[in-house]
Every structure is written in structure tokens, then in C-alpha cells.
Amino acid sequence: MSHYESPIREPLIQGENITYTKITDDIVATTEKAPPLSWWIGFGISAAFALLGVVAILWTIWQGIGTWGLNKTVNWAWDITNFVWWVGIGHAGTLISAVLLLFRQKWRTGINRAAEAMTIFAVICAGLFPLIHMGRLWMGFFIFPYPNTRGPLWVNFNSPLLWDVFAISTYLTVSLLFWYSGLMPDFATIRDRAKGKVRKAIYNALSFGWTGTARQWQRFESLSLILAGLATPLVLSVHTIVSFDFATSVIPGWHTTIFPPYFVAGAIFSGFAMVETLMIITRKVLKLENYITVGHIESMNKIIVLTGSIVGVAYITELVIAWYSGYLYEQYAFANRATGEYWWAYAIMMGCNVITPQLYWIKKFRRNIVLTFVLSIFVNIGMWFERFVIIVTSLHNDFLPSSWLYFLPTWVDVAIYLGTLGIFMTLFLLFARAFPVIAIAEVKSIFSVSSGEARRRELAKDKGLEASYEGSFGTQYADGKVTDTNNI
Amino acid sequence: MASNKYIVGLFDHEDRLIDAVRACKKENVEITDTLTPFPVHGLEHELGYDDTRLHTAGFMFGITGTFVALSVMTWISTSSYPLNIGGKPHFALPSFIPITFELTVLFAAVGMVCVYCIRNGLFPGAVPRILDERITDDRFALSFEIDDHTPASKMEKIVALLKGAGAVDVKVKEFEDDMDMFEVETSEVSDLLPSNQAPKAANAKAETKKVLSDEEVAAKKLTLLNAVGTVDAGSKDDLKEIKGIGPVYEERLNELGIFTFSQVAKLTVEAREAVEDLTGFPGRVEREDWIGQAKELMNR
Amino acid sequence: MANKKQYWLTLEAKKGEVNENPKEFGSDLPVLNSLSETISTQKSGRRDFLKMLGFGVTAAAVAAACEMPVRKSIPYVIKPEEITPGVPNYYASAYTKGGYYNSILVKTREGRPIMVEGNPDSSVTSGGVNPKSIGALLSLYDEAARIKAPMKNGAAISWTDLDAEISTSLAALAASGKTIAILSSTILSPSTKKVIEKFASVYPTTKHVQFDAISYSGALDANEESFGKRAFPEYHFDKAELIVSVAADFLGTWLSPTEFAADYAQGRKLSADKKSMSRHIQIESIPTLAGASADLRIPVKASEEDLAVIKLYNILAKKAGLSSLSDNASFDASKIEAVAEELWAAKGKSLVVSGSNNKATQLVVNAINELLGNYGSALSWERATYYRQGDDKELGALLADMNASKVGAVLVLDANPVYTLGSAFETALSKVEWSLDFSERRTETSEFVTYVCPTNHFLESWDDAQAKDGVYATIQPTISPLFATRQAQESLLLWAGDNTSYYDFIRANWKESLLGAQNKFSGFEALWTNAVHDGELTFDLTSSASFVASDLNAAASAIAKASNASELEIKLYEKVQIGDGTLSDNPWMQELSDPLTRITWDDYFVASPKWMEEKGLMHNSKNREYQVVSLNVGDQVYTLPIVALAGVPYGVLGMAYGYGRRNTTHEEYSRGENAYKVVDRASSSVVYAASGLAVQGGHKIGIVQQEYGLEHFGLGGEKTRKIVKETTLTAWMEDAASENDINFGHEWMPRKDWIEKYSNSLYGDETNDNPATKEYGGAHAGVLANGHHWGMGIDLNSCIGCGACVVACNVENNVPIVGRNEVRRAHDMNWLRIDKYHTGDEENPQVIFQPMMCQHCDNAPCENVCPVAATNHSTEGLNQMTYNRCIGTRYCANNCPYKVRRFNWFDYQGADSFSSNKGFALDNDFDGNQTEYGDKEAGLGLHSPMAKMVLNPDVTVRSRGVIEKCSFCVQRIQLGKLEAKKANRALNEKDITTACQSACPTNAITFGDTNNKETSVSKVWADPRAFGVIEEIHTLPSVRYLTKVRNQKDGDLA
């Protein structure tokens, strides 16, 4: 249970004269001041893209799916590519919070709040696609198994698309609960600093009347831990189920047993990349360099190089298995993927996902903010192309060469994709304005255990309790038990 | 509501809080609540709380989800709507696993969060009793419920314990039943004890304060206004900008004739005492450095 | 009433001051009157019934055309005896446009013709149907293009005024000695000819000239010279063991393709009982359907086609000891020599045909057949056939007369000379006093002439036809005329002063000419009733013609003269779907893809891939961007996209007839160039030299299948996909399951071994020994093995790729027409498509067709993935699609290995939940890309209320956003089952035919219950040649194909 934190590990919170109040001030300040010009510019651009997306979506619903570049052979392309891409991005938040919580990785505290918000927004963007890709959106409620008067008329539980419905909605719900339960105490902090009545009322409502009693904290901790325990397999299951959309089909290039782990690794990979993209901007704009440190970025880069390599291994495995299967359709599908008409997409995928992240084996590159920013965007591009390659190259040339076709997007496809980027950024910018972008309570508890051994020793000396603090950050209590204060 | 009155001890570090808890335990003083800005580990242990049974609830909800998912899917596929789908058997268990899993997690998570909110009294629109606004910032608080029948000795003991454990502030906070959280400061009635006064004396003082005669009040006001000078109400500053002064307090000060930062900055020792006596908020002027703040604000 | 007690309510009523029971209407409904009159007079009940019905339909249609909320229902006041709502009626008829003879059954529902099927009792087309015959159905309802009332100089005129004016004028012309010309296409109807005779007897200066848009005049002239008959002999492709066709596309377009295809398939079918098949050699330049089916195709340049005939003759003559002809062929004819050797070996059992319109060539062909002794077996003059009767000499003479102002009036009947004869005719026509067009729809000619006397559509008309000696067909109306039209024959009779209806005239004519000529029927009514019921009467007769040798040396030099080779030759050819252009403004025909290029809607040049590569004209397959080139041909400049087609010889460009229609309602349908403009009917040359090749830019083409072969490079190296399987006759003789292999991992194993080892599904019982359930996999094998299990068998040996099944399927199942732009975007909706694969040499490939539709897999991948269970499996093995449950995720379409599921990308049929989408223009372009042709125009589609009358009420019209696919014509299955149930008998195989099956002229498609081992489909399934496409993925398809067997010899592929 006891965990030893190496003294040479760099502090998770940097900067001079950090106190609890300063943490509160720094983080809450963004919600109290008028937004800077850069925020307005960003918001304007994002909102414009979001509007473009909304127009394109309405156009699609009004005219029909025919406005997209799809054809009789390639029935899914940008829609499901975007869906899987966004779901993948939506994985990092919960993963950072839940899995890192379970693994007691304290460095998560600087980024988990924003990452969780990103998860929610990404899942909202992702969820949009299964909706609008339906030919008859207005009949979309058919997908829910509800008792009805149309005779016994139910859904098909064999369909991975139905599993998706359950997976995505569960994931969104659990992520939201996880995120929000963590936000309540921080909203209370904002409330208690609030000057105006309205502001106080709003933040009190948002905080659900949080006060911070020991009972509340006790249940809070328990809830966090169990939700993390539930969310971790959930995160894995969601992308596994998304991969079932392809893996359970019969189309060569889709029908692949490696998909579940490969998709999960890819999701973590792209999720972390997106977190980096956002956090590098956020820490700069909101001046949170003390809390989102180069150390955080380095840790994320380590995960990126790991998952990127896993994905790379998966790509190669696919090729080897296709060759080894001896099955001509499978062999063709993969040769076509790499060298066929869409070779360029495959090259982008390989280049961005497997090759460039290898730079992160070198510490200097891991800690280089500019490079990280560029590579994180590369990874996002690469992962989009991964999904595009899987979906489109498998479909466009499948079994019967008589149906083979080349897919080209229309302006509507592009506009909807850009639109979801706009919606995502708009929501994120609003979040950055109104919500504490860093988990205040969690950072404080990190600060409380790691902000300085000296201070603890001093305190201990004051009280003549020096012995209790020897050798560990744990606290020895009267009954002799040692509770590990590092286990947050 | 059993009582609306609390003795509140505020600490500036979680370790001191834990010391105080230990002390209370040792003295057999029952702590009503412990409030902290972040989870202080081991605190619930110190307080002797049982482990929460939230996880048990989660488990029960989860099992319900599993059962509901499996049974509904089985019933639909084999009995209500048996279709030949791609040659698969009606009871296609492997196909049911993903949804079963998802519903298990969903039920567990949603159920548990509901229980959590109910048990913690959390809901949108809840009106919490905020013992101190800095609790969610950097203060660690112990609260002790008291009422009119609470023996003075007990109160004395509590205050002494808190002081002894290094509380940066000890106060009594009273809430009215129809309290509006925005007027929370109206309920702050007294500081029972200046740092080394006896509890009893404190009580006496509190009582004394209550019977402050009109002449005394007038005299104190005069003293005060002599010290700070009078100004026209029209040129008033927003005193709320001073940390520690809220809307209610500002109103009180205005009643006493204090409207500007410059007046605050001029609070002499006597004037300060007068303010504290008249408003019933002892020690705050100095503790929160109103004078310093006011000077800063004047120079702005 | 008078005898009855009167009850009164008021005193006034009692006194009779108030009519207590006033009539609801002022007068009786005229409908009832006229109907009861009709019944009482018993004159011609059907016609009047149809009139009434037509009135109702027209009224509904006209009312619906206004923007008023109208309930489009036609309630019966008195239900006609033969109509039961919901039950279709079939009427026998015939399609005879331009000499294409097709005996048909017209299916009507509640008085609307909705489908055309082949007449299985026909001795000529034996149940097959030509795509054009079905396509003509839509023209009936083409509200926009049909001419609704007579016109003079573009203005409306009443029939009475018109009749008066014309009668006067005709009389004056006859008196002045000026010719009254009746210019028509080939007329098969003996009664019509009789009408013209009658007309000529009143106006003696009348001259009737027939001409065919695509001329067969030379061939007819040759037959006249050789046999004394201006007709064609009967061709028996089933009786020939060796068929050599020189550029005659007898399976697609030549003379009577539906008839020939049936016969041809007869000779090509193989079974355990019939182990021989004919051998077919095709010598041609532009690949045709016949060339595609040939065992050996010898590509020659267009200019060499006729020379090849001389070459053939010379070798045969040498063997026969006859003198040879001058042969200055400069091309390598070694293959043709081999053909001649084969022909010699198959003396008396062979057949040589030529598609040439050069009289000289046809003379030589006649001589070859005579030399080989083919007359009397594969060729017979027992019954002369009259499919084409045009005479270019007469036409030339008429044009000369017209130019010399000797012609007073030209009456155009069933032809479009302004389009097909071009500017020379226009010039000549302007020198005629007046002209008249009996046209049912707007054409170039109807826009040009003085008078337009709109005639009935053939489905609104009485008529007869004589396709052959002794074969007479009746054409009966299936709907009352929709507009104020009058049949041309009736007009002519009227002007000739005869007031009898044409119906009576036909009957009188038949009574007079046919009753005595046969001995089957003693009374006329029996004969007539039989003829109308069966649609066709065949009388036994024997006639013959003796061969008269011609001067072949003169012929040879004429051929040599006509065959002027040039560096770039243009060969004009006829397309299966568009034909001579009569139906080129019909969207069903336009959207039927060309069997070989798989291109819809567009006109284009076809060229050799090698030539295209050299000229840098290859298209971009990614965005379907084709190069547009312009060429000088004669005095014309033709600008068209150019398409590579394997099998076109180097230096030859093919250009189709039938495009470039102008001044018609649906001009935008038939864009492109009018190939007739360069046709010189005076010369016998078939080759046109082209020069001045210039690239004019790009053009997107609506192609439904791109050029991907079956051999592909994969990680395991180059491998062939055995999606279609073919073998040679020799191999098949040795092993009936030859080439019927299945891929299993790295190896191919015989299908029967594979079935043995792996037929049980993942969920099935591996140790299942029950043969009944063994062949079905899955958890429901027991259910599927009981009762019916529907399945289909398709004999690839018989499939010639004609596309009749595709059109039939479209019509039967209300498959939407999507238009040019949507096809360009690969949004074509056909449920049934005919895939084409090329094998072998790129310059002269083998072609194989594979009809592909929903395979109704018992382990259907599409069913698993539908989240809302909109597609699932019936207990009878049908893969069912519930349109109103579908939410359009398209997952099923992705997971279908056969890619047969079609998605309604837009509101193609006006069935949208959002009624805002008022119509779907066929040229709608949602991409924002304007075509080079400019603006959009709402097309025929199926949005006009009248066009919607063609919809099959038994099949749901799908709305936007749902998936649809082949249902195995489930409505027909249900109907068949109900028929059997009503008759309280077991289901008979004949009770159920799918639309594609009934349309197929070669009977390539069989359908039925595969659980009943006696059905023909079970026999097909049990054939060792049977295979399912990509069976190794274990979808258990319910469509089995029979391996194509080619009668190839070793040297053929060299």
C-alpha cells in the first residue's frame, strides 16, 4: 500500500509561493475575469465552423444522405470515420481520470478535468454521426427497445450498431457523472468566492449545495474510486464495441480479430494527442503553466509513443495475418490498402501514427512543447486517416470487382466534419470560461502531500511529532495505523 | 432542525485539523462536522467513521442491470419476437454480452451517483450552511453543534480545545431557519472568546453586548466618527471590495456612518473596538487587515 | 311505386305540393346512361368499358395535374365484370415498332397497364421479352411528350376541321396528279397495309414507301435476287451446330433478337441428357452481345468485315471446287481460314449470317449458306419473315420526287424521318405542299410537319401483325386512349371515306384473308377469339424458295470498293437499349446500362484501349472523368466522350445510333450526336473515315461498373477470383464439375469436397447426418428444410446479357429511375444488375455476364447487422426487407458481400415523409456541379401523376432514406401460393415466376421451391456445374449459378 515517491521526481506543481489560496485564485481567476481577446477570436472562429456544420447537417437532413459523397458500394465514409475518430478522442479523458486514478498516477490531476470535459464534448460530436448518418433520422427512435403497440416489434440484439447505441450512451452518461461529481466541490469553491448574487446562485446550483464535510468527502472518494473502477472497463469496452462494427462483419479488412485491442490502443493514442493539443493551448492562454507542466506533457508523450507503437504493431500484424491466411480476398484487401488507389491515405496513417511518434524515445523531444504540439496534430490527422483507411479501403474494393468504386467527398462531408470540430472547440472554450479547468480540490490534495517536505517537517517540529513523519509522507495516527496520504 | 448554532474552529492546515480531531476524541467532545477544501486522508478514520456502503449500493445496482439486460434480451429474442436473423439462434448469448455489460455499468453508475447525492444531501438548489467561505478555499473547519441548553462548560472546553490545537479562528455561527444563504453573515453573532479570555467571560461579554445601553451606543458612535471623520453618503466607496466585508456588513458600517475606504483606513484602536462592539464582529478588522486593504484600495 | 302505400309526413306532401323525395341530382348521371346504353346495344363492350375506365383514369390524372388536393381513387359505379380490384388481368398483344416483333402479355391492374411480359405461347418469341417492349410501357404515360390533340402548324385544331381540310386537300392533290406519299417504318400489320391500299384506291396518286431507320434494304435486295422474295428466311439458331456471324448482333439488335436468343440458348444449354452445344464464331469490329457470347471472337477492322465474307467464300469455294472471287484482302486472315475449315466440316449443320447492309455481301453470304447446304436446316424459307421491309431505292426515288416538287403531301406513319434521314429529308419535305405526321409523341418530325394527327399508343390500339408467313398476331387495347388521339389507320379510313372502325376493319380483313387460308377454325368468331386470347395464331404452311446464283464477282468488286479502309474508321452500331432512337427519350431505356460498357444515359465513342493509351485519351477511373473528343466524319463534326472498350480493334471507333435527339420533350435524355447524319443510304459502304481528332475537355459519365477484372495482386501474389466460373466443353465432358472450385485458404478445392467438409455452419450440428437439413446451415436449418424454400438458378451458359430481366425487374418492383447525375455519382438503384467480366487478352477478351441480385443468403450477413431488425429471414428462406422499419444506417449494404442493396439517397419517387421535396429532376445535381449541358429540367422520372400510373400497386414505393433490394418478387410468390390455395391444390412450379425469369428470352433463370426436388430449380441446384458466388464465406446463398461452358477449341485462345 505504501508508496514511495522518489525525492528526485520533479514536483507536479511548479512556481513560487504556492499556497492553497493561490491555487484557488489561479484556477478560479479564469472564470472571474472578462475573457481575453484571444478567447474571443478563438470562440468566433469555432462558432463560425460550428454554424457551417449545422447548416451542412440541416442540408443533409432536408435533402437526403445523397448530398454526401457516398455511393452504392461505399455506404459509410466520412460519417463513420468521424464517429470513430471522435469516440477515440473521447477515450483519453476517462482514461486519464479513471485508469490513472486506479494506477495512482498523481500527475493526472493537472489535466484530468479538461480531459474529461474533452471526453464529453468529443462523445457529443461522435454521437452526432450515428444520428445524422441515418437515412431517416426522424425514425431514429426505432433503435431503442421500447414496448410498443406495433405488435411485438423489437430491435436486433445481434447488431453491433445496437451495441454501439448502448455503449456510447452509457459511456456518455458515466463520463458525465464522473466528471460532474468531481466538479461539485470546485463549483462550491467558486460559489464561496462569488460576489454577485446571481453568480452565487448559479454556482450554488451547479455545486448541488456542496459544503465539504468529511462524510461528503468520504463518499466522494468512494464514488470516484468505484466510478473509476467502472469506467476503466467501460472505456475499453466502448472502443471494443465500436471495433465490432467492423470486426463482426464479413468484409475483408473489417473482419479482423485484432480490432478490439488495436482500436482501444488507437483510441488512447488519439485521445492523448488531442488532450495535448488542447492543453498546450490552454496552459498558454489561461497561464496555467504551473499546473500543466512539461512533466505532464512528457508523461503523455510516453503514453503516446507506447500506444503509437502498439498501433504500429497492429498494422503490421494485420498485413502478416492477411498474408498468412492465404485467403485471396483478405490478401488483396491489405495489399490494396497499402498500395491501391488509397495508398496515400495509408501513407499518411503510417507516417503520422507510427513513424513520427518514435521521436519520443528521445527525452529532449518529449519535453519540447512546440514539437509535441506539432506531433499531437500529426497524430490526430494520422488517426483520422486510420479510420478512413479501414472503412473506405475495405469497402471500395471488396469481394465482387463489379461493384468497385472510388469514393470522393462532397462539400457537405467536409463541412460536417469541420462543423464538429467547431462545435467541439466552442464547447471547450465555453467550458474554459465558466468551469474550473483544473480540478481544484485534487490539485490541493496533491499540493498538500507534495508541496514541500520541509514545510511538513517544520510543522512536525513545532508539535514535537517529528518521528511520525520520518521516512514517509504517511501520517501515523494514534491507533498506530498509517494511512498513505499519497493515495489520492 | 435540532439546532442552528455552531461553534466553528478554523485551521489553516489539515495536520492541525487532525490534531484538533485527536484532541476532541481524547476529551470525548463530539464533533458535529469536519469541513475541508479537499479530502484529507485519514480524517474519516480519525473521526471514527464507518466505511461508506456506497460500493455495496453500486454492486446491487450493477447486478440489477445485468439481470434486467439479460432477461429482457432473452425474452425478446426467444419469446416475444423470435426472428431468424442471419441464421443465428434466437438465444444468441455472445451477442447479448456487450449490452449486458453496458447496462451493468450504467445501472451501477447511475444508481450509485443517485445514492451519493441523496446521502450527501446534494441536489440542485440545495441551500447549504456555509460555516465559513474560506472552507472551500484554504480553511479546515471543525464544527460543534450547540443550542441554548448547551452547558457553558462544554462550550468552554470546545473553544479551549480548538485554540489549543492551533485554530486560526474560533467563532459561533447561527443560522436562521428561513436563512437565505446570501445573508449568511447576518447570523454571525459573536466571537465568544478573545484569545485568552475565559469561556464564561466570553459568554458574559456576549450577554453584555446584548444589553449595551443606548447611551453607550451613542458614545461609541461618537468616538468612532471622531476617529474616522464624517463623509457624505453620496461619495461612498464599494466597501465590499475589502475582503471580509460582505453586503450585510457594508450596510452595518454605513449605518454607523462609515462609507469610504479612507474612513476604514483611519480606524484607530478605539474606533476599531467601537466598530466591533457595535457590529458584533470582534477581531475581524485586524485579522482581515481591513486597514491595509483599504489603504491599498485608496491608492488604486 | 304506384302500387305501394304512400306514407306522408306533412299535409303539403300528402297533397302533392311538395316533392318529398327530390332527386339528389338534376339529371341522371351520364355515366350510368352511357354505360347502360353500351350494355344494351352490346356493340363492343370492352371498348366502351375501356372508354369509361379511361375517362376515369384521365379525369383523375388531369385533376391530379392541377395543384389541388385530390383523392386519386377511381371508385366503380358498376364493377366491370372482368376487373376485381387487386387482381391483375393479362391481355395478349404484340410490340411491333419498326419491325421488332415481340409477342407480349400486358398486365393491367384496375384498368392500367403496369407491366409487359413475354407471351409464352408465342411461336416466335416464346415468352421472351425485349427490353424495348417493356420500355414502351412508360411512353404510354409520358404526359409531357405525348401529343394530346391534333395540331396544324403548331396550333390546336379540331378533328372535324382537320378531317375536312385534309380530305379536301387530298382530293385536290389526287386530281392534280401529285403524289401523296405515305412514308412509314416497316409495317408488320397486314390490316394497316390493307387500309393503305384502300386509301390508295380513293386517292390513286398514293405511294407507300417503307424505310427502316437502320437500313436492311441491301440484305432484302440480296434475298430478292437470290430467292425472289424481299424478305428474310427463318433463322434456326438452335439447329445450327456451328454459327458464324459476321458483324450480325443477332442476340442484341439484329432483326429479331428475342426470337434468335431463345433459339440460340436452346442450342447452347447443357445437361446430363444433352451433352452437346453449338459452336459460335463471331467476326466483328465493335463488340456486340453476340460477340460477347461467342466461343471464338475474331476482331477485324470495320472495313474488313465484308472482306472476311469473301475470304470465307473463297476457301469454301476452293474446297467445293468452285472458282474463287477476287480477294484483295490486305489483312491477316489466318483465323478466318480456320473458320472456313470448321464450316466445311460442319456442312449442312452450320449457319452463316452477316449484319452487313451491303447487298453484295449478303449475296455472297447467301451463296456461302447455299454452298454449305444450310438452307432447309438452320435456314429455312418455309416461312419468310418480314421483320424489315424498308426499301432505300424507293425512298431515294421518293426524295427525288419530293425535290422535283412532284409530291403534294407526305404522311409520316410510325417513323421519324426528320431525325433518321437528316437534312436531305428536311430540304425535300419543304418542297412538299403539306406534310402530316401520325405521331403519338413529340418528335423531330412532328415538330416539322404541317399537320400532326396524334395516334394511339400501341397499348391503346387495335392492330394486327404478321411477323412471318402464317404467323398472325393481334394487338388489343389495354387502356382507353388517354388523350384526344385517333389511330392513324382510322384517320386514313376516314379520309378514304370509310366510316368503319379500324377494329371492324381488322376483323373484316381477317375474315376475308385468313379464314379461308387455314383449317384450324371453322368459324371466324372462334378464330378471332382464339387469336385475341392467345395473341398469336400460327397456321401450318409450307412454302419454299429456290436459290438463284448471282454474279458474285461483281459482288466481290462491289464489296472491295465499299470497304475503303482508313486510318481511323467509324463504325455505326445499334445499342441494345436505345436501338434506333425511338425510345431514346425513355428514362427506363436510358438508365439500362449498355451490357458491354456498362454506361447509362450517355452517348460516346468506343475505342480500343491500346489506341486510347497511345493517344493519351484514357479516362480517370477515380472521378469517372472521360475525355471528350471531336472528330470530322464526312461533313459532320462529332463531339463525344470517348470510352475504352476491350475488343474494339485498333483504329476503329464505334458510334451508336439513337442519340442526339433534338426538338423533343426530353431532349436532355438523349444528348450526344445524331449518327444518322453521316449515313449515306445510296452507298453500300458501312465504314466512315474520321479525321481531325481533337480533345475538347472532360466529361463525367454515368457508368455502373468500372473496369476491374477478376485477377488481382494480393499479399499472396496474383490470384483470380472465381466469382464467375467458366470451363470448356472438352473439360466439362470429362468432368461435369470442371472448374467448379472453391477457395479454401491457400488452395482451391472442388466444390463438392468443400460442401462435404464445411457445409455446416458455426451454429449447426457438425455431426448432422440428416441430408434434409444438412444443406442449410445455421440454427434454423430445421425450419428451412420444411415447407417451401425459394431459390433461383441462373445458367451462365444461357445468359446473353441483354438486360430484359433488368428492365422487367425495374418495372415490376417500382425501382426508381435516378437520372444521369445520380448514376454518375454511383447512386444507381437497379435491384438486378448484369455484371460483366472480361478475361484474357485486352484487345480481344472473352466476356462473361453474371446477373447479380440479392442472393437471399440463409446466413445473411446483412441481417445480423441491422439494428432495428428491418431485414430478417422468412421461414421460406427469403431475405425480407421491411421498408417502413428501416432507418437507413446502410450497415446492411456495407456488409453485403454481393453489394446488391440499394439506398434511396434522395426522394427518387416522391414518396418522402417531407412532402417539400416536390419532385426529383432526373438531372438533379446535389453536388453543386453543373453539367456542361447547362440547366436542370424536371424530367419524366416517376413524379408526374400520370407516370405514377405505371407503378405496381403490389409493391411499396420506397421513400428517401431506406434500403431496398431484390425480394425474389415476393408479391408474385404470395399470389402464386394464394392461387394454389384457392384451387385447393399443391403449388405448381408454374404458379410462380419472378419478373426477371419471365422476361428472360433464353430461360437462363429458373425459380422455385428448392425443398421440392422435382422442380427445375432443384435440378439446376443439383447440377454439378452449380455454384454460389463466394460460397466460402458461408453465406449460403439461395441463388446458384451454372458454370459457363464455352465450346472452345485449343487454337481459339492463341
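**A predicted three-chain region by region: chains A, B and C**

Val54(A) lies in helix H2 of chain A, which spans residues 37–63. The structure described here is a predicted model. With 15 C-beta neighbours inside 10 Å, Val54(A) counts as partly exposed. Along the sequence, Val54(A) is separated from Asn368(A) by 314 residues, and in space the two C-alpha atoms are 37 Å apart.

Confidence in chain A deserves a look before going further. The pLDDT of this chain averages 83, and 88% of the residues score at least 70. Among its elements, helix H11 of chain A (residues 343–355) has the highest confidence, at a mean of 93, whereas strand S1 of chain A (residues 475–476) has the lowest, at 38. Over residues 1–8 of chain A the pLDDT is below 50, and this stretch has 10 contacts in the model beyond near neighbours in sequence. Residues 464–488 of chain A also stay under 50, with 48 contacts beyond four places in sequence. Where pLDDT is low, the predicted coordinates should not be read in detail.

Turning to chain C, an open sheet of seven strands with mixed pairing runs in the order S5-S4-S16-S15-S14-S6-S7. Strands S5 (155–156) and S7 (206–210) of chain C stand at the edges, each with a single partner strand, so one side of each has no neighbour in the sheet. Even so placed, S7(C) is largely enclosed by the rest of the structure, because four of its five residues are buried. The pairing of S7(C) with strand S6 of chain C (residues 179–184) is parallel and is made by five bridges. In this pair, Leu183(C) is found opposite Val209(C) of S7(C). Together with helix H6 of chain C (residues 190–202), S6(C) and S7(C) form a right-handed β-α-β unit.

Elsewhere in this sheet, S15(C) and strand S16 of chain C (residues 451–452) run parallel and are joined by two bridges. Here Leu436(C) stands opposite Tyr451(C) of S16(C).

Helix H15 of chain C (residues 423–430) can be read alongside these strands. Phe425(C), Ala428(C) and Leu429(C) are buried in this helix. Viewed down the axis of H15(C), the buried residues fall within an arc of 100°, so they line one face of the helix. The other side of H15(C) carries the exposed residues Ser423(C), Thr427(C) and Ser430(C). What do the buried residues of H15(C) pack against? Their partners in chain C are helices H13 (392–403), H14 (417–420) and H16 (444–448), together with strands S14 (407–413) and S15 (434–438).

Another strand of chain C, S42 (residues 1039–1042), is covered on both faces. Val1039(C) and Tyr1041(C) are buried on one side, and Arg1040(C) and Leu1042(C) are buried on the other. With strand S33 of chain C (residues 790–795), S42(C) pairs in the parallel sense over four bridges. Within that pairing, Asp795(C) has Leu1042(C) as its bridge partner. Strand S41 of chain C (residues 1026–1027) runs antiparallel to S42(C) and is joined to it by two bridges. Tyr1041(C) of S42(C) has Phe1027(C) opposite it.

Two residues of chain C catch the eye for their backbone angles. Most residues other than glycine have a negative phi. Ala247(C), although not a glycine, has a positive phi of about 60°. Leu255(C), also not a glycine, has a positive phi of about 55°. Ala247(C) lies in the loop between strand S9 (242–246) and helix H8 (257–268) of chain C, and Leu255(C) likewise lies in the loop between S9 and H8 of chain C. Are these loop residues buried or exposed? Ala247(C) is buried, with 28 other C-beta atoms within 10 Å. Leu255(C) counts as buried as well, with 21 C-beta neighbours inside 10 Å.

Finally, chain C meets chain B. At this interface, 15 residues of chain C are in contact with seven residues of chain B. Helix H29 (861–865) and strand S36 (871–873) of chain C each supply at least two residues of the side that touches chain B. H29(C) gives the most to this side, with three residues. By class, the side of chain C that touches chain B has five nonpolar, eight polar and two charged residues.

How values were computed: Residues are numbered from 1 along each chain as its sequence is written. Chains are lettered from A and ligands numbered from 1 in the order in which they are written. This is a predicted model: local features need pLDDT of at least 70, side-chain atom pairs count only at pLDDT 80 or more; totals for chains, interfaces and linings use all residues. A residue is buried if 20 or more other C-beta atoms lie within 10 Å of its own, exposed if 12 or fewer, and partly exposed in between; C-beta atoms are placed from the backbone. The arc is that of the directions from the helix axis to the C-beta atoms. Two residues are in contact if their C-beta atoms, placed from the backbone, lie within 7 Å. Ala, Val, Leu, Ile, Met, Phe, Trp, Tyr, Cys and Pro count as nonpolar, Asp, Glu, Lys and Arg as charged, and the others, Gly among them, as polar. Two strands pair if DSSP finds at least two bridges between them. pLDDT is the predictor's confidence in each residue, from 0 to 100. A crossover is right-handed if, with the strands pointing away from the viewer, the path from the first strand over the helix to the second runs clockwise.
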